[in-house]
Amino acid sequence: MKLVNLSITLFVALLFSLMVQATPVDTYEFKSPSNQKRAISLAHELRCPQCQNQNLVDSNSPVAQDLRLEVYKMVDEGKSDDEIVEFMTSRYGDFVLYKPRLDPKTYVLWIGPFALLIFGFIIGAVLIRRQRHNANSDIEMSAEDQQQLDELLKRNK
Amino acid sequence: MKKLVLFIPLALFMVMGIFLYQGLFLNPQKLDSALEGKPIPAFQLERLETPGEMLTEADLKGQVSLLNVWATWCPACKYEHPFLTMLSRRNIMPIYGINYRDERALAIKELRREGDPYTINLYDKDGRLGLDLGVYGAPETFIVDHNGIIRFRYAGPIDQNIWKETLYPMVQQLQAEAKADGAA
């Protein structure tokens, strides 16, 4: 019986030791559920500078943990999304944004696809119009042409 | 003229191809520092060797210097350490260390064993200064001019080649600038 008690105590102790090892970030307590929602969605939109293909929530690198915690703290301090994004980009550059900002450097990125789409429409329209024009002109054949054609056909016989 | 128009798609394709081909040789791990052109962020940290002695960004200003982020848990830092020690003996510029997210005792022990290239070593235990500097991995080295403005960031270990080809020319140029400033 004593052995059972001991093993239960040990088990419970082990269980708690696991909890202690969890990173402080992941046990972070938000002031309100709405803060938590905002912070996590914001951290999802920021890229981890070290692992590059993961966002701050998914990544377990120490830098991502630090930055995640920083985002959480700033949200709880009542900072706006723009302020937090500004904090991150002033340190890690525009690279950390998954959604690039609209500025002269990124015009090509934002406007490029629409410009190409319009360009494609214009080319398509020109081609279709030209084809229609050609199709119409096919039917109209001058009397002179018709005569020439008849002669050519006759000669071949 | 009409035939030339037919070549437009090919030309576009080739331009795109050149762009994408260049992309193959870019290093995605190499990020431009957002801090270049900005002053060293404000901080208040203890000196590594003497707990309680507070240092601020003012202590690092005045001359062209290297700011090296290092830690005992970082293997690449161990790789560049002998080179930094050698560099410090040449007395070209002060090398300031930021001991990043480390244990003080371990760091002091390491410096005692391997040699200490640092003029001043800051103890950045919770990585606050590292965060403000946009550090995403150690080692990282910043070149700071005589006004305390960060002019260049190199991420990764320094060796003879990188020093000779990239960092030293920049340090020399900044030292010339500092001299011109001082003379004026």
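**Exercise 1.** Which residues touch the most other members of the largest nonpolar core?

*Solution.* Start with the ground rules: this is a predicted model, where local features need pLDDT of at least 70, side-chain atom pairs count only at pLDDT 80 or more, and totals for chains, interfaces and linings use all residues. Residues are numbered from 1 along each chain as its sequence is written, with chains lettered from A and ligands numbered from 1 in the order in which they are written.

Next, the terms. A nonpolar core is a set of buried Ala, Val, Leu, Ile, Met, Phe, Trp, Tyr and Cys residues joined through C-beta atoms within 7 Å. Buried means that 20 or more other C-beta atoms, placed from the backbone, lie within 10 Å of the residue's own.

Now the answer: among the 56 residues of this core, they are A:Leu42, A:Leu46, A:Leu56, A:Val71, A:Met88, B:Tyr100 and B:Val144. Helix 3 of chain A (residues 62-76; helices are DSSP runs of H or I, at least four residues, numbered from the N terminus) gives the most, with 6 residues.

**Exercise 2.** Find the strands that pair with strand 6 of chain B.

*Solution.* Strands are DSSP runs of E, at least two residues, and a pair needs at least two bridges. Strand 6 spans residues 140-144. On one side, strand 3 (residues 65-70) pairs with strand 6 in the antiparallel sense over 5 bridges; B:Asn68 partners B:Thr141 there. Strand 7 (residues 150-155) also runs antiparallel to strand 6, again with 5 bridges, and B:Val144 partners B:Ile150.

**Exercise 3.** Are the residues of strand 6 of chain B buried or exposed?

*Solution.* Count them up: 5 of its 5 residues are buried.

Methods. Buried ≥ 20, exposed ≤ 12 C-beta atoms within 10 Å, placed from the backbone.
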